[in-house]
Amino acid sequence: MIDESSGKQEVIEAYRRRAPRYDLAVRLFDVFAMSGFNISGWRREAVSALGLKPGDTVVDIGCGTGLNFPLLYRAVASHGKIIGVDLSAAMLTQARQVVAANQWTNVQLVCADAAQFDFPSHVDAVLSTYTLTLVPDCGLVVSNACEALAPGGRIAVLDMAWPRYCPLWWRHVLFFLRSYGVTAEVLRRRPWEVVQTSMMELFQDFSVRHLWFGFFYLACGAARHTGKGAP
Ligand SMILES: C[S@@+](CC[C@H](N)C(=O)[O-])C[C@H]1O[C@@H](n2cnc3c(N)ncnc32)[C@H](O)[C@@H]1O
């Protein structure tokens, strides 16, 4: 049986250690962009898939150090709103510094488990990059996001996956994954399948693009319901 609270503590501890050098590590990964492994390029695509307009409200689930914020800010402008949610106080400390350095006054940071986050109603978009794989209740996050979105509001999930052709022992070769909270338990759970299935059921115009030999995906959709998000 999975002990969720110890899994959560493991994630909090992993990102407490990672937080100060997280952005640098991401920049190092960007060196491999030429081989199609394009962490930041996919991030730009995910934000662009949200179709944001100035004045919109967007929730960034698992916002981490705020690497999506410059892109989101450019899209929603100073009269829009960005709500960043993360489990790790250490990652949010870094995000807070970015917000302060840029003098952004329209960014709200919330320290919470994504699965327990109480979405505000009528949000225009929900984004999650490289996070939902780490959330045991990722299906609940997708359905809560769907409830919160205004009709036509968009969701984009960019995350890692573990292709079926790839034996689980390969994770030992990709040893650094563990320091980002990606354990064997996470890979066995196959959360990317839960996210994609939930999105397919709940959203219209669902699309998924498999990236870099299937180790990543970008899934997008638009809300069609009249739930909490409807005016
Ligand atoms: C790989 S980082 C991604 C950060 C950021 N989205 C990015 O694209 O750089 C994963 C983030 O997910 C957060 N996280 C993990 N489990 C979470 C949960 N249950 N609820 C909210 N955030 C979570 C971690 O604290 C970490 O900041």
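Hi everyone, this is a short tour of one chain and the ligand it surrounds.

A word on the source: this is a predicted model, where local features need pLDDT of at least 70, side-chain atom pairs count only at pLDDT 80 or more, and totals for chains, interfaces and linings use all residues. Residues are numbered from 1 along each chain as its sequence is written.

Let's start with the whole chain. It has 8 helices and 7 strands; these are DSSP runs numbered from the N terminus, with helices being H or I of at least four residues and strands E of at least two. The C-alpha trace spans about 50 × 40 × 40 Å along its principal axes. Of the 231 residues, 40% count as buried, meaning that 20 or more other C-beta atoms, placed from the backbone, lie within 10 Å of the residue's own.

Now to the ligand. Which residues are closest to it? Those are Gly-62, Gly-64, Ser-88, Ala-114 and Thr-129, out of 19 that surround the ligand, each with its backbone-placed C-beta atom within 6 Å. Helix α1 (4–18) and strand β2 (81–86) each supply at least two residues of this shell.

Strand β2 also has a partner. With β3, residues 107–111, β2 pairs in the parallel sense over 5 bridges; pairing takes at least two DSSP bridges between the strands. Ile-83 stands opposite Gln-108 in β3. Add helix α5, residues 89–102, and β2, α5 and β3 make a right-handed β-α-β unit: with the strands pointing away from the viewer, the path from the first strand over the helix to the second runs clockwise.

Conventions
A residue is buried if 20 or more other C-beta atoms lie within 10 Å of its own, exposed if 12 or fewer, and partly exposed in between; C-beta atoms are placed from the backbone.
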